[in-house]
Amino acid sequence: MRNRSITRLLLCLLLVTAVAAAQTTLDIQEKIRQEETNHSQIMRTTHFLTDVYGPRLTGSPNHKAAAEWAAKQMTSWGFQNAHLEPWDFGHPGWTNERASGYITAPMLAPLTFKVLAWTNGTKGTVTAQTIEIDPPEKPKQPDMDAFLASIKDKVKGKIVLVGKPGVVPVTIDVRPRRMDDKAAHDRYDPNNPNAGQYGPPRPQQEPPDPSILTGAKINEQIDAFLVANGALMRVNDARMEHGLIRAFNNRTFDPAKAVPTVVLRNDDYGRIARIMADGTPVTLEFNITNKWYPEGKTSYNIVAEIPGTDKKDEIVMLGGHLDSWHSATGATDNAVGAAVMMEAARILQAIGIKPRRTIRVALWSGEEQGLLGSQAYVKQHFGTFEEPKPEFAKLVGYFNVDSGTGRIRGASVFGPKEDADVLRASLASLSDLGFAGAVPSKSRRLGGTDSTSFSKAGLPGIGLGQDPIEYFTDTWHTDIDTYERIIEDDVRKSAIIVASAIYELAMRDAMLPRFAAADMPAPPPETPEGGQPARPAAAGTTARPGSNNQ
Ligand SMILES: [Zn+2]
């Protein structure tokens, strides 16, 4: 009898404690919501990172100025130890300062284009006739050699259009811009065998025939050919609908290995090619000023902290990349992700949380060139599961946002199932904001964003999934990736969700459990040098031989 009473009393106490803890969490979540509703800084932060400091190409003075602004801003919010951490990018910084282009014959018309990064500008105004060259489909080296030999005398002094104009079909069925609630729940339900997936499963790809040249190899050979044979400029087709342009870079980062190159909107490229096909010569005029910055070889991650108390040597991290491509101000990719993470930590500071663990915000650079900044940071601070540094054991988790303006719908957590369970339970009360759940991940493959630099090392990288909105269809790396594409209500919701998640991990008694040594997945094979992580194919675009836009 006595024993039963004690058991009952203990159970009661446990229940009261659990209810009190849940109550505290709900109270804190309410304070977080209030702070974001009444004092949000998120659009102001986004404004500075885009309008004032964008674009933020890695190694460029703009990126460094944005980094310095972010560090100063976080200090002014009361964060400590805000600083820039250098890492070796190895390539000079580059900016495009001015660019104009016109059709000058057979009619006068302005052109809409973007410059390929890390190429030289023109020496003043250049005017020349165009020629179109059409590399063979899926060539092997002898095909490519024969093709280049056949056009050897034709490119000197010319502006060279590379490839036939792309036929970009008009989109009839627009992909939904929000994940519907059922899809979100299925994606973030650990009991669903297809959890973690969104949309139809991708077809298995045949392994490529190694004797067929890759798009990158074809481009490298065409660039070398154009330099060697005196072409004036190279013009690529953007191959996107609605005049969108997505311009990447000269992959060698060496201006001597490529002629000045632009990416022309599909509409202009098609018009020029069709007029040439009539047998009418076309003349174009360009004037492009690009600038190089040797000091850009050193780039910077930005780090700032809210120091912990009784468990201050344990760290909860959150972040995203601050660098962008150069065709617009890099709002959805990824100024707004940086702003969400800065805001989440600002909220916790503003409502007076004294976190048990240290909360550390990190904003990476070099993400767009292959997750370079975050990989350098992980290597320097944490090492890997196989070769750990002392701090390896002290990281609770790293949250990452990098998929545009859509509100956060769920989390994918590298680690045992219990980790995702912790997040799902503690954020269940935010379902009205769209948060649907969390699923475990075992993948150590380096993927499309910085959380995978952590997972690759065997650390708890936490990728946050978002409503697609216009991200992969319209804004990702394009010339319309601007402040105007941000939905304020969505990004405020994301900040509330992240702040709540960080609070939970900074305050709970235990760290998130890690994989037992026997369960730790094997590390992936190293990618070859210069290899870039896989990126999702965007609707309306296809990477094709002869196009080095992507
Ligand atoms: Zn990004």
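The following conversation goes through a predicted model and asks how its descriptions are justified.

User: What makes the protein as compact as a globular protein of its length?

Analyst: The radius of gyration of the protein is 26 Å, and the globule rule gives 24 Å for 550 residues; the two values are close, so the protein is as compact as a globular protein of that length. The C-alpha trace spans about 100 × 50 × 45 Å along its principal axes, and the protein has 13 helices and 16 strands. Of the 550 residues, 53% count as buried, while the protein exposes about 24,400 Å², with carbon and sulfur atoms supplying 55% of that area.

User: Which atoms are the protein donors of the zinc ion, and how do you know that they are donors?

Analyst: The protein donors are H321 through NE2, D333 through an OD atom, and D402 through two OD entries, and they lie 1.9 to 2.7 Å from the zinc ion. A donor is an N, O or S atom within 2.8 Å of the metal, so these nitrogen and oxygen atoms meet the cut-off. Along the sequence, the donor residues follow the spacing H-x11-D-x68-D. H321 belongs to strand β11 (residues 311–321), whereas D402 sits in the loop between β13 (395–400) and β14 (408–414), so this pair ties together parts that are 81 residues apart in sequence.

User: Why is the site of the zinc ion called irregular?

Analyst: The angles among the four donor atoms run from 51 to 145°. A tetrahedral site would need all angles between 85 and 135 degrees, and a square planar site would need opposite donors over 155 degrees apart, so neither name fits and the site is irregular.

User: How do you know that R357 forms a salt bridge with E314?

Analyst: The closest N and O atoms of R357 and E314 are 2.6 Å apart, and the cut-off for a salt bridge is 4 Å, so the pair qualifies. R357 lies in strand β12 (residues 357–364) and E314 in strand β11, so the salt bridge ties together parts that are 43 residues apart in sequence. Both partners are buried, R357 with a relative accessible area of 0% and E314 with one of 14%. A search of the whole structure finds 32 salt bridges, and one network of them links R178, D181, R407, R409, D467 and D490.

User: Why is E391 called partly exposed, and is R360, with which it meets in a salt bridge, buried or exposed?

Analyst: E391 has 26% relative accessibility, which lies between the limits of 20% and 50%, so it counts as partly exposed. R360 has a relative accessible area of 8%, which is under 20%, so R360 is buried. Their side chains meet at 3.6 Å, N to O, and R360 lies in strand β12 while E391 lies in the loop between α9 (372–381) and β13, so the pair ties together parts that are 31 residues apart in sequence.

User: What makes E343 buried, and which residues is it in contact with?

Analyst: E343, which lies in helix α8 (residues 331–350), has 0% relative accessibility; buried means under 20%, so E343 counts as buried. Leaving aside its neighbours within four places in sequence, E343 is in contact with E36, S40, Q41, I42 and A495. E35, found in helix α1 (residues 2–39), is also buried, with a relative accessible area of 11%, and its contacts beyond four places in sequence include S40, R346 and I347.

User: Where are there cis peptide bonds, and what are their omega values?

Analyst: The peptide bond from A105 to P106 is cis, with omega near 10°, and P106 has its place in the loop between β2 (93–105) and β3 (109–110). Another cis peptide bond joins D333 and N334, where omega is about 5°, and N334 is in helix α8. Most peptide bonds are trans.

User: What is the phi of W118, and why does W118 count as buried?

Analyst: Phi of W118 is near 60°, a positive value in a residue other than glycine. Most residues other than glycine have a negative phi. W118 is found in the loop between β4 (113–115) and β5 (125–133), and its relative accessibility of 0% is under the 20% limit, so W118 counts as buried.

Technical notes: Residues numbered from 1 in each chain as written. Predicted model: local features only at pLDDT ≥ 70, side-chain atom pairs only at ≥ 80, totals over all residues. Heavy atoms only, no water. Donors = N, O, S within 2.8 Å, 3.2 Å for Na, K, Ca; no water. Tetrahedral: all angles 85-135°; square planar, octahedral: opposite > 155°, others 65-115°. Helix = DSSP H or I, 4+ residues; strand = E, 2+ residues; numbered from the N terminus. Buried < 20%, exposed > 50% of the residue type's maximum accessible area, 1.4 Å probe, protein only. Rg over C-alpha atoms; globule rule 2.2 N^0.38 Å. Areas by Shrake-Rupley, 256 points an atom, 1.4 Å probe, with all protein chains shown as cover. Contact = heavy atoms within 4.5 Å.
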